[in-house]
Amino acid sequence: MSGTAHATVTFDGRFAREFQEMAIPWRAEEVPEPHLLVLNEHLAAELGLDPAFLRSPEGLRLLTGNAVPAQASPVAQAYAGHQFGWYAPRLGDGRALLLGEIGHADGQLRDVHLKGSGRTPFARNGDGQAVVGPMLREYIVSEAMHALHIPTTRSLAVVGTGRSVQRETLLPGAILTRVASSHLRVGSFQYARSTGDIGLLRRLADYALTRHHRAAAEASNSYLALFQGVISAQASLVAKWMLVGFVHGVMNTDNMTISGETIDYGPCAFMEGFDPAAVYSSIDESGRYAYRNQPVVAEWNLARLAESLLPLLHDDEEQAVELAVEALGEFRRQYSEAWSAGMRAKLGFRDGLDDDVTSPLVDELVALMQESRTDYTSFFRHLGKAARGQADDARHQVPGTAGFDAWLGRWRALAPDADAMDRVNPVYIPRNHLVEEALTAATGGNLDPLARLLDAVAAPFDERSGLERYAAAAPESFGPYRTFCGT
Ligand code: AMP
Ligand code: MG
């Protein structure tokens, strides 16, 4: 292949080589008119990819899978998964391909993966396509999550294909290039387990250990340590989601990673008015994946991972179950600890304060927010101002102020650290109406609102004048928000 960038960046095909049982060699569909919609130059540099090259016609052929670098061998990965509680034994990449692994500046490998690259043998009834709106949504939200210090897959680029894709209407097609610590999912282990090939299961676990949980590999029972590592990573991750008001929307086991990165931004949304029952996905009729259920669902998914790993945990099944149950018991404790620590930080509590003092304050505040459906994001930021003595903005958000004033008095008596609060309470999140505005404009060919929104959410803690509308709640006219999957 021509082009200097390829001489310096080597794609490995490690998963493709080592897991032939779970990887179908496949090629992307030919893209008629590739055109770049957005490129993540910072991430490109971290991966040793030259942004100028990626913008070139040959670079676009790489980002659409239409040119395959020398050592790469693109594959569709197999995985299973529980979708809304129902087991699907064979999901896999229906419209995606793993191009291969490349080195990141931090010394670790990253998967480079294309979403929307055409039908694969896992496509079932799907058309293999993705459209501009949802791919840009994943780009915006994943990059916002990264800026919020929440582990996530990253987005390198979105390329328009020039193809029209049939959804409710005809929409422009696009391909997202996703970068992840790996694409190992709970569903990958469910798939390996279901083959009955314990050798494959063990190799997959070894691969997960080397890519994500290196320290666990040294443990006397390394597979138990792997499970414990995933539990800790997910407890920490879901606590972070809850602390920023993020609703994933489709926490199926195939959408939960072994690395602890957030993956698969389909029907996700950030909550505005605080509501523990918040659910945005149009297909989540029972509210299975509602905001407040996320920790419980994560634990349920981890139990499915435990079932898959059982043969590796102990030769005796009863003892294996005992080990798994004991390990899983840690999830709640770790989640609660992570959430409480995060909440203490959001409220600016200084070290050494007694839990008996801080916990009731947290609980009462959550109850007040729920009662007044306070805008979750701006309220914490306004509390930062209240810590500096300007309580009006926060007070306006909680009608019937008597209870809140009493709360404020007790909280301020603890001398909350306003600067520390501003470092953890974001000003800018990808608010649903702003995301929709950017996606609608981009679908119509105007990329300016996208660029402005990305600029705001890329530095979420850094309040800037001129960006006021990016910090404000949706206008009343925006109405109840609904999101859609698989688009
Ligand atoms: P998701 O809801 O994005 O996690 O996808 C669930 C499953 O459906 C995965 O196996 C996807 O590869 C597959 N899928 C989603 N959309 C399509 C599509 N348009 N064509 C083929 N497969 C799809
Ligand atoms: Mg998925």
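**Ligand 1 and an aromatic pair**

Trainee: How far is a polar side-chain atom of Asp-127 from a nitrogen atom of ligand 1?

Mentor: This is a predicted model, in which local features need pLDDT of at least 70 and side-chain atom pairs pLDDT 80 or more, while totals for chains, interfaces and linings use all residues. Residues are numbered from 1 along each chain as its sequence is written, chains are lettered from A and ligands numbered from 1 in written order, and side-chain values use heavy atoms, without hydrogens and water. A polar contact is a pair of N or O atoms within 3.5 Å, and for Asp-127 and ligand 1 the distance is 3.0 Å.

Trainee: How much of ligand 1 does the protein bury?

Mentor: A backbone N or O atom of Gly-128 also lies 2.9 Å from a nitrogen atom of ligand 1. Taken alone, ligand 1 exposes 480 Å² (Shrake-Rupley, 1.4 Å probe). Of that area, the protein buries 85%.

Trainee: Which domains give residues to the shell around ligand 1?

Mentor: The ligand is surrounded by 17 residues (a heavy atom within 4 Å). Ligand 1 lies between two domains, because its shell takes residues from both, by an automatic or database assignment: domain 1 (4-180) and domain 2 (184-427 + 471-487).

Trainee: How many residues apart in sequence are the parts that the pair of Tyr-280 and Tyr-481 ties together?

Mentor: These rings (centres within 6.5 Å) are tilted, neither under 30 nor over 60 degrees, at 6.1 Å centre to centre and 55 degrees between the planes. Tyr-280 lies in the loop between β11 (269-270) and α10 (294-313), and Tyr-481 in the segment after α19 (468-471), so the separation of the parts in residues is 201.

Notes. Polar contact = N/O pair within 3.5 Å; in protein donor to acceptor, adjacent residues only side chain to side chain. Phe/Tyr/Trp six-rings, centres within 6.5 Å; stacked < 30°, edge-to-face > 60°. Helix = DSSP H or I, 4+ residues; strand = E, 2+ residues; numbered from the N terminus.
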